[in-house]
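Colleague: Before I plan anything at the bench, I would like to go through this model with you. Could we take it one point at a time?

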Amino acid sequence: WSAVTDRFRRDLNLQAMSETHRTAAIWLGRVGYAARGVVFGLVGVLLLRTGYVAAGQSAPGIDEALAALAAAPFGPLLLGGVALGLVIFGAFSMLSARWGKTIRQTA
């Protein structure tokens with residue numbers, strides 16, 4: 001949802017960025033949040049499936065979600081796309097660390 005609505009923009013100090021950094025942060029945020037959503041969505045589907053099919057098994061994690069993605073048709077290509085998206089999310093996180101708004105707490 002963050003990828004579609006650009007809600008992550010409110011946490012960035014966009015005025016302090018150059019135009020190039022601003023454009024990069026917005027596109028990296030969109031693609032990165034979308035990839036992160038795909039991974040979390042897969043984990044959610046696997047959790048539901050595990051709860052429905054095999055109540056005694058342990059809950060799946062990200063590794064099981066990525067293994068399921070790799071086993072799908074065109075799995076290596078899909079897995080590569082998700083991996084690239086997560087690397088892009090990492091790049092967005094670095095920009096966010098540099099230009100993120102800080103929350104000041106009053107004592």
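Colleague: What span should the 25 residues of α4 have, and how far apart are its end C-alpha atoms?

Modeller: This is a predicted model, so every value here is computed from its atoms. Because each residue of a helix is counted at 1.5 Å, the 25 residues of α4 should span 36 Å. The distance between the end C-alpha atoms agrees with that expectation, as they lie apart by 36 Å.

Colleague: Which residues in α4 are buried?

Modeller: Helix α4 covers residues 75-99, and a residue is called buried when its relative accessible area is under 20%. In α4 the residues that meet this condition are Gly75, Val82, Gly85, Phe89, Phe92, Leu95 and Trp99.

Colleague: Which helix gives the largest share of the largest nonpolar core?

Modeller: The largest nonpolar core has nine residues, namely Phe8, Leu12, Leu14, Met17, Ala25, Phe89, Phe92, Leu95 and Trp99. Four residues of this core come from a single helix, and that is the largest share. The helix in question, made of residues 75-99, is α4.

Colleague: With which residues is Trp99 in contact, leaving aside its neighbours within four places in sequence?

Modeller: Trp99 is one of the buried residues of α4, and it also belongs to the largest nonpolar core. Once its neighbours within four places in sequence are left aside, the residues in contact with Trp99 are Asp11, Leu12, Asn13, Ala16, Met17 and His21.

Colleague: How far apart in space are Asn13 and Lys101, C-alpha to C-alpha?

Modeller: Asn13 is found in the loop between α1 (2-5) and α2, and it counts as partly exposed because its relative accessible area is 30%. Apart from neighbours within four places in sequence, Asn13 is in contact with Trp99 and Lys101. Although Asn13 and Lys101 are 88 residues apart in sequence, their C-alpha atoms are separated in space by 5.5 Å.

Colleague: Is Gly75 buried or exposed?

Modeller: Gly75 is found in helix α4, and, not counting residues up to four places away in sequence, it touches Leu69 and Ala70. Its relative accessible area is 0%, and therefore Gly75 is buried.

Colleague: Where does Phe74 lie, and is it buried or exposed?

Modeller: Phe74 lies in the loop between α3 (62-71) and α4, and its phi is near 60 degrees, a positive value in a residue other than glycine. Because its relative accessibility is 69%, Phe74 counts as exposed.

Colleague: How much accessible area does the nonpolar patch of Phe74, Leu77 and Leu78 have together?

Modeller: Leu78 lies in helix α4, and it counts as partly exposed because its relative accessibility is 41%. On the surface, Phe74, Leu77 and Leu78 form a nonpolar patch whose accessible area together is about 380 Å².

Colleague: Which side chains meet in a salt bridge?

Modeller: A search of the whole structure finds one salt bridge, and its two residues both lie in helix α2, three residues apart, about one turn of the helix. An α-helix has 3.6 residues a turn, so residues three or four places apart point the same way. Glu19 is exposed because its relative accessible area is 53%, whereas Arg22, at 22% relative accessibility, counts as partly exposed. The side chains that meet, at 2.6 Å from N to O, are those of Glu19 and Arg22.

Colleague: How far apart in space are Arg30 and Phe89, C-alpha to C-alpha?

Modeller: Arg30 lies in helix α2 (residues 19-53), and it counts as partly exposed because its relative accessibility is 24%. Leaving aside neighbours within four places in sequence, Arg30 is in contact with Ala3, Asp6 and Phe8. Arg30 and Phe89 are 59 residues apart in sequence, while the distance in space between their C-alpha atoms is 8.6 Å.

Colleague: What percentage of the 107 residues in the protein chain do buried residues make up?

Modeller: The protein chain has four helices and zero strands, following the pattern α-α-α-α along the sequence. Its accessible surface comes to about 7400 Å², of which 65% belongs to carbon and sulfur atoms. Of the 107 residues in the protein chain, the part made up by buried residues is 25%.

Notes: Residues numbered from 1 in each chain as written. Predicted model: local features only at pLDDT ≥ 70, side-chain atom pairs only at ≥ 80, totals over all residues. Heavy atoms only, no water. Core = buried A, V, L, I, M, F, W, Y, C linked by side-chain atoms within 4.5 Å. Buried < 20%, exposed > 50% of the residue type's maximum accessible area, 1.4 Å probe, protein only. Contact = heavy atoms within 4.5 Å. Expected span 1.5 Å × (residues − 1). Patch = residues over 30% accessible without salt bridge, like charges linked within 9 Å, V, L, I, M, F, W, Y side chains within 5 Å. Areas by Shrake-Rupley, 256 points an atom, 1.4 Å probe, with all protein chains shown as cover. Salt bridge = Lys/Arg side-chain N within 4 Å of Asp/Glu carboxyl O.
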